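Okay, everyone, thanks for coming. Let me put the chain up on the screen, and then we'll walk through a few spots together.

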Amino acid sequence: LAQLISHREMGGKLSKQELSDALRDNLNDGEDISLLSKSDRDDALNVFTDAFKEDPMIAWVAGLEEDDPETDRKMRRLGKSMITYVNHRFISGGRGVLLGIRDPADEELVGCMTVAPSSSADERTIDLAMAMIKNGPPPNYKAGEKSNYGPHSTKRMEELNVLGKKRKGLMKDGERWIYLQTIGVLSGRHGKGYGKRMLKLLFRTADRLDVPIYLETESEENEALYQHFGFRTLERPVLCAKGDDSPTSNLKMYLMRKDPSRQ
């Protein structure tokens, strides 16, 4: 507690160590949630890839025809690449924290969540460069695979950079906050409360630290879900790549914030 008060008095940005410690402190006895490590990388990426196999943002970037017979394969291929890019520094521990929840019956990893403190919420150019070196370019950038995706696929992916600028502007009123980067549960494990339990841990942690949580999501259904948990929508920007006038050119995003409970 003294350390927490000291950080508040200094007015510095929320650090990764503070966030990690607070998450551990707020785990309930017997909780099936834990902080994961690099050794969990493949399992975590498999969870995220499955959870986002029909994600609207990935579908928008892919730009596939409705009758494409290989939609599932192409979506999974692109989805895993995009998820790896945005989460690789969370998995390595360099930018944030990777958490997972396991089924107590068989110990299978069924859900994962990545969060970052405000001190490292902004993606750096060096991070993207290192991801490119370590994981290779996304399939929609590769010469042999680029034609598998829509003609505006790469431009749509680059348009997502707008979200980082929006995040920085919308959260400029405070130095201490948490960024919820990704949360997902295996598609076959929905409806069992795994996602809710991870969110509840995050809410307890944010309340203990007395900091808000910020996230971006890409559907009205998700917006309603997060509103149910106390988030409010700050902005609904519509993304569109320059020169893209196709029927699927627009992607509406929902930028949301949850303030800490004062109870």
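So, look at the loop between β2 and β3: that's where Glu107 lies. This is a predicted model, by the way. The phi angle of Glu107 is near 65°, which is a positive value in a residue that isn't glycine.

There's another one like that. Asp210 has a phi near 60°, again positive and again in a residue other than glycine. You'll find Asp210 in the loop between α9 and β5, with β5 covering 213-217. Is Asp210 buried or exposed? Partly exposed, because its relative accessibility is 34%, and that category sits between 20% and 50%.

Now step back from that loop into helix α9, residues 194-209, and bring in helix α2, residues 16-25. Their axes come within 9 Å and cross at roughly 120°. So we call α2 and α9 oblique to each other. The crossing, where α2 passes α9, is right-handed. Which residues make the contact? From α2 you have Leu19, Ala22 and Leu23, and from α9 you have Leu201, Thr205 and Leu209. Sorted by class, that contact of α2 with α9 has five nonpolar residues, one polar and no charged ones.

Look at the spacing of those numbers for a second. An α-helix has 3.6 residues a turn, so residues three or four places apart point the same way.

Next helix: α3, residues 41-51. Its buried residues are Ala44, Leu45, Val47, Phe48, Thr49 and Asp50. And what do the buried residues of α3 pack against? One helix, α5 (71-91), plus the strands β2 (97-102), β3 (109-117) and β4 (178-185). Yes, β2 and β3 again, the two on either side of the Glu107 loop.

Last stop, strand β9, residues 254-258. Five of its five residues are buried, so β9 is largely enclosed by the rest of the structure. Both faces are covered: Tyr254, Met256 and Lys258 are buried on one side, and Leu255 and Arg257 are buried on the other.

Who are the neighbours of β9? On the one hand, β5 pairs with β9 in the antiparallel sense, over five bridges. On the other hand, strand β6, residues 232-235, runs antiparallel to β9 and is joined to it by three bridges. Keep your eye on Met256 here: this residue of β9 is the bridge partner of Leu215, and Thr233 stands opposite Met256 too.

Okay, that's my tour. Over to you.

How values were computed. Residues numbered from 1 in each chain as written. Predicted model: local features only at pLDDT ≥ 70, side-chain atom pairs only at ≥ 80, totals over all residues. Heavy atoms only, no water. Axes fitted to C-alpha atoms, helices over the stretch in contact; angles between N-to-C directions. Helix = DSSP H or I, 4+ residues; strand = E, 2+ residues; numbered from the N terminus. Parallel < 35°, antiparallel > 145°, perpendicular 65-115°, else oblique. Left-handed = near helix turned anticlockwise from the far one by under 90°. Contact = heavy atoms within 4.5 Å. Nonpolar A, V, L, I, M, F, W, Y, C, P; charged D, E, K, R; others polar. Buried < 20%, exposed > 50% of the residue type's maximum accessible area, 1.4 Å probe, protein only. Pairing = 2+ DSSP bridges.
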